[in-house]
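Student: I have a new structure open and I'd like to learn how to read it. Could you walk me through it feature by feature?
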Amino acid sequence: MSTLVDIIVVALVLLGATFVLIGSWGLVRLPSTMERLHGPTKATTLGLGSLLLASVVYFQGRLGIWTAHELLIALFLFITAPISANMIAKVHLHRRRIGAIEEPDGIAGPPPRPAGEGDWATFEAPEKDTQASTANS
Amino acid sequence: MIAIALGIAFGCVALALLFNGWRLLKGPALGDRIVALDTMVINAIALIVLVGMSGGSDTYFEAALLLAMVGFVSTIAYCKFILRGDIVE
């Protein structure tokens, strides 16, 4: 039983550490900002989830302590990582639009305009008389 | 066996923090620096979890939870400041 717990903990810790390292290496290596978002938001979050799972198994199997904090942290991170990535992408789009960034785009090129009329929703000022509008008053 | 794995994991996370610091200093765009700071917070949480495992005490997880919340809020605040302060919408 103890050996099984050891093997599970070691596998999860090594997997998590590898994914954390791969995410940060992607932040160094990838060529443009939009591509650099991929590494930290996906690989690093997955690696941290694996480390937290290893911690749950370790404390339960070796010390007999049941802790749920790790699961809370993992849940919170999995909810918030896409939101912060979305905000950072918005910042990048806005700064590109006002010409603050001269950096060439990477392999994928600049993000394309959406189909149909209009531009990305983050560029559009909210219209009057809609519920979420700030232009009403 | 677990101690060796934890040592390797400490090395990996420390190297990841170094990579993030390099990206934070180099830039070039503002978005890169925000991504680097956000990733540094996540790596710091990983480091706290590893310290808690190697020390065998579960008192560190409140710190990890608080750091997760503060890191998320600070990233959003930084992005919002740039979006609202630089651009007249």
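Student: Let's start with chain A. Among contacts between residues at least 6 apart in sequence, what share joins residues at least 24 apart?

Tutor: Keep in mind that this is a predicted model. In chain A, 61% of those contacts join residues at least 24 apart. For chain B the share from residues 24 or more positions apart is 44%, again counting contacts with a separation of 6 or more.

Student: Which elements make up chain A?

Tutor: From the N terminus on, chain A reads α-α-α-α. That comes to four helices and zero strands. As for burial, 33% of its 137 residues are buried.

Student: And how many helices does chain B have?

Tutor: Chain B has three helices and zero strands, running α-α-α from the N terminus. Its radius of gyration is 16 Å, well over the 12 Å that the globule rule gives for 89 residues, so chain B is more spread out than a compact globule. You can also look at the box: along the principal axes, the C-alpha atoms of chain B fill roughly 55 × 25 × 10 Å. Of the 89 residues in chain B, 40% are buried.

Student: How should I describe two helices that pack together?

Tutor: Two packed helices are described by the angle between their axes and by the distance between those axes. Try H3(A) and H4(A): their axes come within 9 Å and cross at roughly 175 degrees. An angle over 145 degrees counts as roughly antiparallel, and H3(A) and H4(A) are therefore roughly antiparallel to each other.

Student: Which residues of H3(A) and H4(A) meet there?

Tutor: On the H3(A) side they include A:Thr41, A:Leu48, A:Leu52 and A:Val56, and on the H4(A) side they include A:Ile73, A:Leu77, A:Phe78 and A:Ala81. By class, this contact of H3(A) with H4(A) has 10 nonpolar, four polar and one charged.

Student: At what angle do the axes of H4(A) and H2(B) cross?

Tutor: Roughly 170 degrees, with the axes coming within 9 Å. That makes H4(A) roughly antiparallel to H2(B). H4(A) brings A:Ile73, A:Ser84, A:Ile88, A:Val91, A:His92 and A:Arg95, while H2(B) brings B:Leu30, B:Gly31, B:Ile34, B:Val35, B:Asp38 and B:Ile45. The residues of this contact divide into seven nonpolar, three polar and two charged.

Student: Let's zoom out to the two chains. How many residues does each give to the contact?

Tutor: People often give the size of an interface as the accessible area lost when the parts come together. Here we can count residues instead: chain B gives 46 and chain A gives 48. On the side of chain B that touches chain A, H1, H2 and H3 each supply at least two residues. The largest share of that side, 16 residues, comes from H2(B). By class, the side of chain B that touches chain A has 34 nonpolar, seven polar and five charged residues.

Student: Which residues touch the most other members of the largest nonpolar core?

Tutor: That core has 50 residues, and the ones touching the most other members are A:Val13, A:Val20, B:Val13, B:Ile45, B:Ala46, B:Val49 and B:Leu50. The elements giving two or more residues to this core are H1, H3 and H4 of chain A together with H1, H2 and H3 of chain B. The largest share of this core, 12 residues, comes from H2(B). Take B:Leu50: leaving aside residues up to four places away in sequence, B:Leu50 touches A:Leu51, B:Leu6, B:Ala9, B:Phe10 and B:Val13.

Student: Is A:Leu48 buried or exposed?

Tutor: Buried counts as 20 or more other C-beta atoms within 10 Å. A:Leu48 is buried, with 27 other C-beta atoms within 10 Å. This residue lies in helix H3 of chain A. Beyond residues up to four places away in sequence, A:Leu48 touches A:Gly16, A:Val20, A:Leu77, B:Ile42, B:Ile45 and B:Ala46.

Student: Where is A:Pro31?

Tutor: Look in the loop between H1 and helix H2 (33-36) of chain A. With 13 other C-beta atoms within 10 Å, A:Pro31 is partly exposed. Its C-alpha atom is separated by 17 Å from that of A:Lys42, 11 residues apart along the chain.

Key: Residues are numbered from 1 along each chain as its sequence is written. Chains are lettered from A and ligands numbered from 1 in the order in which they are written. This is a predicted model: local features need pLDDT of at least 70, side-chain atom pairs count only at pLDDT 80 or more; totals for chains, interfaces and linings use all residues. A residue is buried if 20 or more other C-beta atoms lie within 10 Å of its own, exposed if 12 or fewer, and partly exposed in between; C-beta atoms are placed from the backbone. Two residues are in contact if their C-beta atoms, placed from the backbone, lie within 7 Å. A nonpolar core is a set of buried Ala, Val, Leu, Ile, Met, Phe, Trp, Tyr and Cys residues joined through C-beta atoms within 7 Å. Ala, Val, Leu, Ile, Met, Phe, Trp, Tyr, Cys and Pro count as nonpolar, Asp, Glu, Lys and Arg as charged, and the others, Gly among them, as polar. The radius of gyration is taken over C-alpha atoms; the globule rule is 2.2 Å times the number of residues to the power 0.38. Axes are lines fitted to C-alpha atoms, for helices over the stretch in contact, and angles run from 0 to 180 degrees between N-to-C directions. Angles under 35 degrees count as roughly parallel, over 145 as roughly antiparallel, 65 to 115 as roughly perpendicular and the rest as oblique.
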